[in-house]
Every structure is written in C-alpha cells, then in structure tokens.
Amino acid sequence: DDAVGLILALLKNNSFSGIVNGVSQTTATKAQYYSAAAKTLNIPEPCFNNDNNADNNTNSNSELKPSKKVLGNKARTSLHYRFVYDDLLAWLERIA
C-alpha cells in the first residue's frame with residue numbers, strides 16, 4: 001500500500017525531485033523486528049551476530065560496518081505522505 005501510495009504522491013507532485021525513502025518510523029533494530037516477525041509467523045527466529053570484531057568474520061578482507069538508519073522525512077514533509085503502515089511492530093501485533 002505504501003509503495004503504491006508514494007509512487008502516486010510523486011506522480012501528483014510534478015515539481016518534486018530527488019530521492020525519497022519509503023520507510024516506516026519503526027524504532028526497532030533489525031534484530032528486534034525480524035525476531036518479532038518470526039514469532040508472528042511461527043517460524044524460527046533468525047540468529048544475529050552482535051560481535052563487531054572484524055577478526056571473527058570468516059572473510060578476513062571484509063569489515064563489519066555499523067548500521068545506518070534510513071529516514072522517510074522527505075516523503076512526510078515534501079510530499080505530505082501519510083504512511084499506511086508507519087509502525088511495523090504495531091502492524092505485526094495486529095496480524096498476529
């Protein structure tokens with residue numbers, strides 16, 4: 001619903017340019033969200049490596065990087081878009 005809604009909002013706003021991130025305001029970490037989703041779907045919870053020590057990585061040339069938070073502020077402010085599913089944890093609770 002939100003992907004289509006954002007595309008329609010962009011098509012209606014001919015003067016808008018730039019990148020828009022279609023993301024909810026859910027404040028959970030990736031591990032928290034995927035664990036909650038697994039519980040809702042009655043599937044095994046995923047395992048996450050919380051050790052940020054690159055020496056423990058199986059590929060010695062790779063480096064673990066800190067997570068980034070992607071914000072959807074431009075969609076809300078410039079396009080005045082109101083997300084249908086703006087809290088994904090609440091959505092998971094409703095479908096459970």
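**Figure 1. Surroundings of F48 in the predicted model.** F48 is partly exposed, with a relative accessibility of 33%. This residue belongs to the loop between α2 (30-41) and α3. Apart from its neighbours within four places in sequence, F48 is in contact with K30, A31, Y34 and S35. For one of these partners, S35, the C-alpha atom is separated from that of F48 by 9.8 Å, and the two residues are 13 residues apart along the chain.

**Figure 2. Salt bridge between K39 and E45.** The side chains of K39 and E45 meet at 3.9 Å, N to O. K39 is exposed, its relative accessible area being 56%. E45, at 41%, is partly exposed. The structure holds two salt bridges; the other view of such a pair follows in Figure 3.

**Figure 3. Salt bridge between R76 and D86.** Here the N to O separation is 2.6 Å. R76 is located in helix α3 (residues 73-77) and D86 in the loop between α3 and α4 (88-95), so the pair ties together parts that are ten residues apart in sequence. R76 counts as buried because its relative accessible area of 19% falls under the 20% limit. D86 is partly exposed, with a relative accessibility of 23%.

**Figure 4. The largest nonpolar core and the contacts of Y81.** Seven residues form this core: L6, A9, F16, A75, L79, Y81 and F83. In soluble globular proteins, nonpolar side chains tend to be buried together. Beyond its neighbours within four places in sequence, Y81 is in contact with D1, D2, G5, L6, A9, A75 and R76. Among these partners, L6, A9 and A75 are also members of the core, while R76 takes part in the salt bridge with D86.

**Figure 5. Nonpolar surface patch containing L11.** V4, I7, L8 and L11 make a nonpolar patch of about 390 Å² on the surface. L11 lies in helix α1, which covers residues 2-12. L11 counts as exposed because its relative accessibility of 58% is over the 50% limit.

**Figure 6. Residues 52-61 and the confidence of the model.** The protein has an average pLDDT of 84, and 84% of the residues score at least 70. Over residues 52-61, pLDDT stays under 50. For this segment the model has five contacts beyond four places in sequence. Where pLDDT is low, the predicted coordinates should not be read in detail.

Definitions and conventions
Residues are numbered from 1 along each chain as its sequence is written. This is a predicted model: local features need pLDDT of at least 70, side-chain atom pairs count only at pLDDT 80 or more; totals for chains, interfaces and linings use all residues. Side-chain values use heavy atoms; hydrogens and water are left out. pLDDT is the predictor's confidence in each residue, from 0 to 100. Contact means heavy atoms within 4.5 Å. Patches are made of residues with over 30% relative accessible area and no salt bridge: like charges are joined within 9 Å, nonpolar side chains (Val, Leu, Ile, Met, Phe, Trp, Tyr) within 5 Å. Accessible areas come from the Shrake-Rupley method with a 1.4 Å probe; for residues, only the protein chains shown count as cover. A salt bridge is a side-chain nitrogen of Lys or Arg within 4 Å of a carboxyl oxygen of Asp or Glu. Helices (H or I, at least four residues) and strands (E, at least two) are DSSP runs, numbered from the N terminus. Buried means under 20% relative accessible area, exposed over 50%, partly exposed in between (1.4 Å probe, protein chains only). A nonpolar core is a set of buried Ala, Val, Leu, Ile, Met, Phe, Trp, Tyr and Cys residues joined through side-chain atoms within 4.5 Å.
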